[in-house]
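Subject: The structure we talked about

Hi,

Here is the structure I promised to pass on. Have a look at it first, then read on for what turned up.

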Amino acid sequence: MEAVRRSRADWRYPTSLLCIYGFFSTVKPLEPFLIPYLTGPDKNLTIEEVNNQIFPVWTYSYLSVLVPVFVLTDWLRYKPVVVFQCSNLFVTTAMLLWTQSVPAMQAMQFFYGVVTASEVAYFSYIYSVIDVKRYRRATSYCRSIQLFGHTVGSVLGQLLVSFNLMSYNNMLVFTLVLTTIALLTSFFLPMPQRSMFFHRKDMGHKTVAEGTKNDVDRTVGSTRAKFSVEFNSAGTLEEKGPKAEETKEYDGADSCGKVLLHIWKDFYQCYSSRYLLYWSVWWALATCGYNQTVNYVQVLWEHVQPSQNFSIYNGGVEAVSNLLSAATAYGIGFTEVRWEQWGELALGGFSGLGAAALFLMTFVRNIWVCYTCYVIFKCLYMLLITIAMYQVAADLSMERYALVFGANNFGALCLQTVITSVVVDSEGLGLSIIPQFTVYASYFSVIAIIFSVRGVFIIWKTKENKGIPPDKSESPDFEEHRF
């Protein structure tokens, strides 16, 4: 029993369980073949119904539940929302398998929007149960295993389809089994005793997410001494009976309002940095366009080659794009570039290449050109979003980074909702797939022009300032601290 207790106290225990959960919840062999499944004899839906009536529901659902889920995730301390996410994933897969009408598929997309919004719990959970020194390793494990799960699902789906080993319906049954394993795993996750905002134990009047990384380190040290909260040799939290009057937890309606006020103050202070603001604007704009492209690219592929065999390589293309995107994102970490000087020009230039790839996908009616351009587009986005995430995170504490991360993605989702309602939804313009992708390519062209012009301005201004980028020099609060 002592050995079991020690193993459960080790930081590897919750990390391993979360990785198991992440793997089994992301292996979806049918995902690259969703369009042929929906428009084939199993569901017998038209491409217009899928494109203009069913898929837009996901965007609306995601937007409507994102903020409540974000707040509840912290208030409920992560684990219940992880279980809730997997339960909704099971419902989504079951509805995809056993229901058939357009309203039923719209309901399925609603539940999948809840699944996507709840993903914040997956990435936040690990930070509440391990030592801050383990954050980087644990994050890399959890993110890598998700990518590995997506890749395994794509390769497995490709093999099952290519060799006709399993029908689409049986692939969904197999996915339900994997989702059940993930759901059972989620019940064994340890329940966190703290969270980032509502259940954060702080000293004195320290505000939520106050200060930079150095402040966080001092807070951890002082909290450890003040409340006898120790990190054992395994790297996990071990409480030694803090005094009630010294522990400050945010519970109740009044305290909830105070927490939200602190969050708003942190939000305002973060975005008062013009340097962070410009990178965040690109983040939101590009993520919006990327999500729209990935969501509807299978519809474009079918339009380019509308035959029974058009989707035979979809799984392989997704697997290759995932692996090359991971390699690109990994490789950028070894480059020595002054991104504060050259970053925005890179954002503009590579966004222009992404726009060119989208134009080729749209107007060159060749499935192999579409596949190749899709891989290039995805790699370019992963390259740039990795740079953007680092540039934003470099000057922020963990709490502020979580806040900015959520705000940027929420902005992207709001913009995506506007584009979906105007361009895609049958209640709006209801454009067919070629005009849709023309809009997406033009959208990235505008991004490229804006950031290329600004990038040239930054380089010129930096030379005038003798090597100091203008926005960095104007932001004293974001000058020396590196995360």
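Let's start with Q109, which counts as buried at 7% relative accessibility; buried means under 20% relative accessible area, exposed over 50% and partly exposed in between, using a 1.4 Å probe and protein chains only. Q109 is part of helix α6, residues 102-117. Helices here are DSSP runs of H or I with at least four residues, strands are runs of E with at least two, and both are numbered from the N terminus. If you skip the neighbours within four places in sequence, Q109 is in contact with I54, F55, V57, W58 and S61, where contact means heavy atoms within 4.5 Å.

Before going on, a word about where this comes from. It is a predicted model, in which local features need pLDDT of at least 70 and side-chain atom pairs count only at pLDDT 80 or more, while totals for chains, interfaces and linings use all residues. Residues are numbered from 1 along each chain as its sequence is written, and side-chain values use heavy atoms, with hydrogens and water left out.

Now the overall picture. The protein has 483 residues, and buried ones make up 51% of them. Its secondary structure comes to 18 helices and two strands. Take the contacts between residues at least 6 apart in sequence: 81% of these join residues at least 24 apart.

You can see such links at single residues. L66, in helix α4 (residues 47-75), is buried at 13% relative accessibility. Its C-alpha atom is 5.1 Å from that of A117, although the two are 51 residues apart along the chain. Apart from residues up to four places away in sequence, L66 touches A117, F410 and L413.

D425 is another one to click on. It sits in the loop between α16 (398-424) and α17 (433-464), and with a relative accessible area of 12% it is buried. Which residue, 373 residues away along the chain, has its C-alpha atom 4.8 Å from that of D425? That is N52. N52 is also among the contacts of D425, together with P56, Y60, T420 and G430, once neighbours within four places are set aside.

Next, helix α5 (residues 79-98), where you will find L97. L97 is buried, with a relative accessible area of 10%. Leaving out neighbours within four places, L97 is in contact with Y37, K43, N169, L172, V173 and L176. Between L97 and D42 there are 9.1 Å in space, C-alpha to C-alpha, and 55 residues in sequence. As for α5 as a whole, 14 of its 20 residues are buried, so the helix is largely enclosed by the rest of the structure.

You can also check helix lengths yourself. The expected span is 1.5 Å times one less than the number of residues. For the 20 residues of α5 that gives 28 Å, and the end C-alpha atoms are 29 Å apart, which agrees. Helix α13 (residues 314-331) has 18 residues and should span 26 Å; its end C-alpha atoms are 26 Å apart, which agrees too. The buried residues of α13 are N314, G315, V317, E318, A319, S321, N322 and S325.

How many disulfides does a search of the whole structure find? Zero, with a disulfide taken as a pair of cysteine sulfur atoms within 2.5 Å. For C19, the nearest cysteine sulfur is that of C142, 4.3 Å away. C19 is buried, with a relative accessible area of 13%. For C288, the nearest cysteine sulfur belongs to C414 and is 10.0 Å away; C288 counts as buried at 0% relative accessibility.

Last, the empty space. A cavity is a set of points, on a 1 Å grid over the protein atoms alone, where a 1.4 Å probe fits but cannot get out; lining residues have an atom within 4 Å of a point. Grid points are joined across faces, edges and corners, and volume is the space filled by probe spheres set on the points. There are two cavities of 30 Å³ or more, and the second largest holds about 70 Å³. Its lining is W282, A286, F350, S351, G354, F377, L380, Y381, L384 and F444. Helix α15 gives the largest share of that lining, four residues.

Cheers

Definitions and conventions. 1 Å grid on protein atoms, 1.4 Å probe; cavity = no way out; pocket = protein on both sides within 12 Å on 5 of 7 lines; lining within 4 Å.
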